[in-house]
Amino acid sequence: MLTLAHACRSCSSKRLAGILSLGATPLADALLTPQQLGEPEPMLPLELVFCNACALVQILETVAPDVLFGPDYPYFSSFSPALLQHSRNNALELIASRKLDHRSLVIELASNDGYLLKNYVAEGIPVLGIDPAAPCATAAIAAGVPTLNEFFGLSLATTLAQQGKQADVVHANNVLAHVADTHGFIEGISLLLKDNGVAVIECPYVRELVDHCEFDTIYHEHLCYFSVTSLNSLFRRHHLYINDIKPLTIHGGSLRLYVQRFENVSEVVRTMLSEEHAAGVDTLDYYRNFAAAVQSLKTGLLALLQELKRAGKSIAAYGAAAKGATLLNYVGIGADSIDFVVDQNVHKHSKYMPGCHLPIYPTEQLLQRMPDYVLLLAWNFREEIVSQQQDYIRAGGRFIVPVPTPRIV
Ligand code: JHZ
């Protein structure tokens, strides 16, 4: 529900229009210990809206960052080999194209467990990671990546800039959408960049979200869902320019932005802006059918699972992902259809998914228990997971991919 108190996170307009309501959902990464199972769990509304003034898609709720990214934050980037390879390629490409060496500085905001910066460290390039989640920052330091365990914003950027820490490259992957003080964060990036520096920023692309019904990537950590149009106006407010963009397949379809303090906009950026305008991404119309598509996915997935259960089949799920929490809780999937969830991240084992309380086990449990079907919650890593699970498939197991349309593969 929209109230007059709500204003756009980018342009402060109050002309916000509802796109989709996912109802009250638990915090997606708030995995529960066995002791916490009996305790009350926060359930907060998830309302997706469109700003009629600057085209930014966003949620209305803002959960305090220290609640979301505190000492129990369970997401460690290094558990996905595909993400590690993607990150390594990006680092090597930037080292070559920007001729980085021991005199350079690379800073990463939300550097997690050092999954990206370690590639620069290996080449002798000075780095600084910044991450508020203590377990991740500790893992990064142990891996030899100097890391500040702090939230990044204007105040930390000011301190670093005063210490002469300005960067040739500032990485910010999957973090811009997570930050409540969007303007302070971007202003901070501007302060950290050398005159000729570049901020390399990855974020999921709202066109992929809508076109492929990736509604499960909506959760309280993700405050914004960016188009090039909305990003362009956001950065320009801070005299920063998206000079280039590389579309990526990672996380269901993302954008890699190359942002600088001077304007030198590539043809790719101009084309993407005009394509978005032609497709109506900058109007509410583009989002009008999204809620119906999400509802139909929900109905289809429930029907499929019920049919399998009626046929006496057992079903597990793969990936205790944040998006898995949205999917399970919004669709209303629980212990009546899914027996357990598996994940390679050891920090998630012996815990329970928020809301639906499904237990999380190591992936070896798939072969040991041989469920007939596995609902692929981490569908964004489908190729990687299916290729790892060839033994399970050879033994007769099948995967169910929920997005964009539920199907058995
Ligand atoms: P994954 C994360 O969301 C976190 P999540 C964050 N909120 C964000 O913004 C997005 O990414 C972009 C496991 N796994 O990465 C690891 C295996 O077990 O899709 C993860 O727990 N085996 C910051 O949590 C989960 O699946 C594997 O082979 O939705 C995947 O979660 C692979 C590849 C993954 O994102």
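**Reading a sheet, its rings and a ligand shell**

Guide: Let's start with strand 7 (residues 167-173): seven of its seven residues are buried, so the rest of the structure largely encloses it. Keep in mind that you're looking at a predicted model.

Visitor: How do strands join up, and which strands pair with strand 7 in the parallel sense?

Guide: The general idea first: strands of a sheet pair through backbone hydrogen bonds, in a parallel or an antiparallel way. Here, strand 4 (residues 106-109) pairs with strand 7 in the parallel sense, over four bridges. To find that pairing on screen, look for leucine 109, whose bridge partner in strand 7 is alanine 172. Strand 8 also runs parallel to strand 7, and six bridges join these two. A handy spot there is alanine 167, standing opposite leucine 193 in strand 8.

Visitor: And what does the whole sheet look like, in which order do its seven strands come?

Guide: The sheet is open, its pairing is mixed, and the order is 6-5-4-7-8-11-10. Strand 6 (147-148) and strand 10 (241-248) are at the edges; each has a single partner strand, so one side of each has no neighbour in the sheet.

Visitor: Where can I see an antiparallel pair?

Guide: Try strand 8 (residues 193-204) and strand 11 (residues 254-260), which run antiparallel and are joined by six bridges. Glutamate 202 is a good marker, as its bridge partner in strand 11 is arginine 256.

Visitor: Let's turn to rings. How many aromatic pairs are there?

Guide: Ring pairs are judged by the distance between centres and the angle between planes, with over 60 degrees counting as edge-to-face. The count comes to eight aromatic pairs. In one of them, phenylalanine 152 and phenylalanine 185 sit edge-to-face, 5.4 Å centre to centre with 90° between the planes. Phenylalanine 152 is in the loop between strand 6 and helix 5 (154-162), while phenylalanine 185 is in helix 6 (residues 182-192), so this pair ties together parts 33 residues apart in sequence. Both phenylalanine 152 and phenylalanine 185 are buried.

Visitor: Why is the pair of phenylalanine 215 and tyrosine 330 called edge-to-face?

Guide: Because their planes stand at 65°, with the ring centres 5.4 Å apart. This pair links distant parts of the chain, 115 residues apart: phenylalanine 215 in the loop between helix 7 (206-211) and strand 9 (224-225), and tyrosine 330 in helix 11. Phenylalanine 215 is buried at 0% relative accessible area, and tyrosine 330, at 11%, counts as buried too. Elsewhere, ring pairs link Phe50, Tyr286 and Tyr287 into a cluster.

Visitor: Now the ligand. Which residues around it come nearest?

Guide: For a ligand, begin with the residues around it, then look for polar contacts. Of the 23 residues around this one, Lys323, Asp343, Gln344, Lys348 and Gln388 come nearest. The side chain of glutamine 388 has an N or O atom 2.7 Å from a ligand oxygen. Asparagine 380 brings a polar side-chain atom to 2.8 Å from an oxygen atom of the ligand, and tyrosine 318 brings one to 2.9 Å from a ligand nitrogen.

Visitor: How much of the ligand does the protein bury?

Guide: The protein buries 96% of the 730 Å² that the ligand exposes when taken alone. Two elements give two or more residues to the shell, helix 11 (322-331) and helix 13 (382-388). Helix 13 gives the most, with three residues.

Visitor: What's the mix of classes in the shell around the ligand?

Guide: Nine residues are nonpolar, nine are polar and five are charged.

Methods: Residues numbered from 1 in each chain as written. Predicted model: local features only at pLDDT ≥ 70, side-chain atom pairs only at ≥ 80, totals over all residues. Heavy atoms only, no water. Near = heavy atom within 4 Å. Polar contact = N/O pair within 3.5 Å; in protein donor to acceptor, adjacent residues only side chain to side chain. Areas by Shrake-Rupley, 256 points an atom, 1.4 Å probe, with all protein chains shown as cover. Nonpolar A, V, L, I, M, F, W, Y, C, P; charged D, E, K, R; others polar. Pairing = 2+ DSSP bridges. Phe/Tyr/Trp six-rings, centres within 6.5 Å; stacked < 30°, edge-to-face > 60°. Buried < 20%, exposed > 50% of the residue type's maximum accessible area, 1.4 Å probe, protein only.
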